Amino acid sequence: MQARNPFLYAVLAIILTAIGHQSAFGKAEHLLPVPKIIAENEGASRFELGRPIALLSDSSCYVLDEFLKRFSNDKGGRGATISVRFVDDIQGSSEKPLAGYRREAYSLRVSADTVEILALNLVSLTRAAQTLWQLAEGWESGEEALEPVSITDWPAFPVRGFMHDCGRSYIDTREILHEIDLLSRFKVNTFHFHLTENQAWRMQILSYPQLTAAETMTRDQGKFYTQAECTFIERYARTRGVYVIPEIDMPGHSGAFARAMGHDMQTAEGKTELKRILAEVAAAFPLAPYIHIGADERQITDPTFLPEMAETVRRTGRKVVVWNPIRGVDIAAQDFCDMTQMWSTAGRAVPGKPNIDCRYNYINHFDCFADIVGLYKSNIYYQQAATDEAVGTVTAVWNDRPLPLQSDILRQNNFYACVLASAERAWKGGGEEYIEQGGVTLPPEGSDVYEEFADWERRFLFHKRHSLAGEPVPYVRQTNVRWLITDAFPNGGQAAAVLPPDTLGPQPLFVLGADTFRTRRATGAAVYLRHTWGGVVPAFFDDPQTGTTAYAWTFVYSPLEQTAGALVEFQNYSRSESDPSPFPSQWDRKGSRLWLNDEELLPPQWLGNPDEANPEQPLLNENFSARKPLEVRLRKGWNKVFLKLPYVPAPGVRLNKWMFTFVLTDPEGRNALDGITYDPAPRLPGTAE
């Protein structure tokens, strides 16, 4: 029995369990990313761990060695073997190579006493070992065994990465290593290390120690990475199959350089210094196949600047990455780079070169629920699998706005969920549409897109309970949250205008004058009525107009009276914007309101400044992920949740998003509330689907 569709083996597991039959896919159903091909070894027993296990191989890798240390012991009993054979090709695989990256396809076969692995190289073997780890931790009961399965697997795209903006906000070395360790378990294979910014230069340069002097930094003063730390991070990452791409941003985002050196990068002195700097960068990252030289968001005034910097990098034996687009430069017309990283809507793949898609992967602009739907269901730059010009994606975190704690960077950006959703899409390929066509709205239950996302959510939440336990993960189950949302009523520009739903409550349709206003269903803990990048990324309304108000509601069935938490948000504050806090006693600056069982729920006391937009003022409790959940009391039976959503100008807010978030959780906000049902129309027959 063979399956390329992940839902097939998930459904099989449910069916076989229901009829009391041992399921061969009972633990393989948790694998993330899903393998390309998985088959049951019919008649085989599971491979018991916790006994003597011998490795039969001429070579091993760090992850496999650690697997054996963890799951093999000398307690006796029938012994077992893991055999590794290196081959030139994995039958059935189809992998797009990328210069500087090793091929990753592998196959493994698990039976009662033997695990047989075919690998192409040590990176390929690492991927097989990472799959074994996930198979071993798939037991909720504490038992340790591997299901008797055969897997053949390979990535659709060779680049699946994450980026930290350590130039703005320093992240300590221990945390970076921890993230590399966790993410590599899910076959994330690239860490883009953004080391320099206007706020600070974070990499030690022996030739110019003034670059990392505390007085040249405007944030996290005095914090930087020594060259020894950089080398250690890279070697640590490589043992886990992760490539590090260091970035020295030039000539843009170079305020810290100018303060330290006393001149601009595009001067004769600046170019001479940068050449020495790049030589030190290459020496500190001896394994890096690529060095990133930035080049974005600054007019290139010296036409020789980028070619000279690129040639300096190439003389070290490395390849050159630049951001795309570059202001005033036609990248395709010159040969100063070997790969581009597309950002913003204006980024376009350069013919004849590999390009990384980051155009809509800046998760510092993302909310925690709706945007991840768009991220997961989108394909990568219009492609189902890698081409010569589309090689993968990097999920980027830009910390223009400071956050109080290092962990807030992970929590408020929904870091682990976003990186792993994007990385699975890049591993498995596919995706129905590019986000510019498909948007961020989750289709209804029963659609292929819904079922695929729900399966990813199920698997991600399993790992949240296991390898990600204790990490700052604000994501909870949302695929069971269902809404009805009205057409938008004209409100004359008045957020407080009283309209039919205010007095009539939930109805299938409303009449106002000569116009009929209907309702439509939506799914998810958050719904964008207009996206952050409205006009480019589709949302619930095709063409939302200011001076209108929409209403949303659902009914929640609780089997008992209970106290719960509610995650509530009406504007997700981007970590790259200097928007002021909401006004006191208001959820947002548009006048959105929320009721539970006809009792209005009021926001917390905001800790930020509602009168000032300051890019260096930390984001505090503006986002739900940075505060305790709202405490609510549910009745036994049905509970009405009702939202009023004006779309009027929001003073001081640059990005004109229109959205809401509501989902019920345990009182701590860690997990979705169990045992409840969301139904927006339990008493409303005839409601439009």
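Biologist: Why is Val-653 called buried in this model?

Modeller: The model is a predicted one. Val-653 has a relative accessible area of 16%, and buried means under 20%, so Val-653 is called buried.

Biologist: Where does Val-653 lie, and which residues is Val-653 in contact with?

Modeller: Val-653 lies in the loop between β28 (637–647) and β29 (658–665). Leaving aside its neighbours within four places in sequence, Val-653 is in contact with Gln-571, Asp-579 and Arg-589. Pro-582 is 71 residues from Val-653 in sequence, and the two C-alpha atoms are 10.0 Å apart in space.

Biologist: What makes Thr-152 count as buried?

Modeller: The relative accessibility of Thr-152 is 16%. The limit for buried is under 20%, so Thr-152 falls on the buried side. Thr-152 lies in strand β9 (residues 149–153). Not counting residues up to four places away in sequence, Thr-152 touches Lys-36, Ile-37, Ile-90, Gln-91, Tyr-106 and Ser-107.

Biologist: And Ala-525, buried or exposed?

Modeller: Buried: the relative accessibility of Ala-525 is 0%, and the cut-off is under 20%. Ala-525 is in the loop between β21 (515–523) and β22 (526–530). Beyond the four places on either side in sequence, Ala-525 touches Phe-369, Gln-478, Val-481, Phe-660, Thr-661, Phe-662 and Val-663. Gly-591 is 66 residues from Ala-525 along the chain, and their C-alpha atoms are separated by 20 Å.

Biologist: How do you know that the side chains of His-253 and Glu-197 are joined by a polar contact?

Modeller: The distance is 2.9 Å. A polar contact needs a pair of N or O atoms within 3.5 Å, one able to donate a hydrogen and the other to accept it, so the pair qualifies. His-253 is in the loop between β12 (243–250) and α6 (255–261). At 14% relative accessibility, against a limit of under 20%, His-253 is buried as well. Apart from neighbours within four places in sequence, the contacts of His-253 are Arg-168, Thr-196, Glu-197, Asn-198, Asp-296 and Glu-297.

Biologist: How do you know that Cys-337 is in no disulfide?

Modeller: The nearest cysteine sulfur, that of Cys-358, is 15 Å away. A disulfide requires two cysteine sulfur atoms within 2.5 Å, so Cys-337 does not meet the rule. Cys-337 is buried, at 0% relative accessible area.

Biologist: Why is Cys-358 not bonded to Cys-418?

Modeller: Because the sulfur of Cys-418, the closest cysteine sulfur to that of Cys-358, is 13 Å away, too far for a bond. Cys-358 is also buried, with a relative accessible area of 0%. By this rule the count comes to 0 disulfides.

Biologist: What makes Asn-414 and Asp-598 stand out in phi?

Modeller: Most residues other than glycine have a negative phi. Asn-414 has a positive phi of about 50° although it is not a glycine. For Asp-598, also not a glycine, phi is positive and near 70°. Asn-414 lies in the loop between α10 (406–412) and α11. Asp-598 lies in the loop between β25 (593–596) and β26 (599–600).

Biologist: Why is Asp-598 called exposed?

Modeller: Its relative accessible area is 58%, and exposed means over 50%, so Asp-598 is called exposed. Asn-414, with 1%, is buried.

Biologist: Which peptide bonds to a proline are cis, and what is omega there?

Modeller: One joins Leu-32 and Pro-33, with omega about 5°. Another runs from Asn-324 to Pro-325, with omega near 15°. Most peptide bonds are trans. Pro-33 is in the loop between α1 (6–18) and β2 (37–40), and Pro-325 is in the loop between β14 (319–324) and β15 (339–342).

Biologist: How many cavities are there, and what lines the largest?

Modeller: The search of the whole structure finds 7 cavities of 30 Å³ or more. The largest holds about 120 Å³ of space. Of the 13 residues that line the largest cavity, Asp-357, Asn-361, Leu-375, Ser-378 and Asn-379 are the closest to its centre. The elements that give two or more residues to this lining are α9 (370–377) and α11 (415–428). By class, the lining has 5 nonpolar, 6 polar and 2 charged residues.

Technical notes:
Residues are numbered from 1 along each chain as its sequence is written. This is a predicted model: local features need pLDDT of at least 70, side-chain atom pairs count only at pLDDT 80 or more; totals for chains, interfaces and linings use all residues. Side-chain values use heavy atoms; hydrogens and water are left out. On a 1 Å grid over the protein atoms alone, a cavity is a set of points where a 1.4 Å probe fits but cannot get out, and a pocket is an open set with protein on both sides within 12 Å along at least five of seven lines; lining residues have an atom within 4 Å of a point. Grid points are joined across faces, edges and corners, and a volume is the space filled by probe spheres set on the points. Helices (H or I, at least four residues) and strands (E, at least two) are DSSP runs, numbered from the N terminus. Ala, Val, Leu, Ile, Met, Phe, Trp, Tyr, Cys and Pro count as nonpolar, Asp, Glu, Lys and Arg as charged, and the others, Gly among them, as polar. Buried means under 20% relative accessible area, exposed over 50%, partly exposed in between (1.4 Å probe, protein chains only). Contact means heavy atoms within 4.5 Å.
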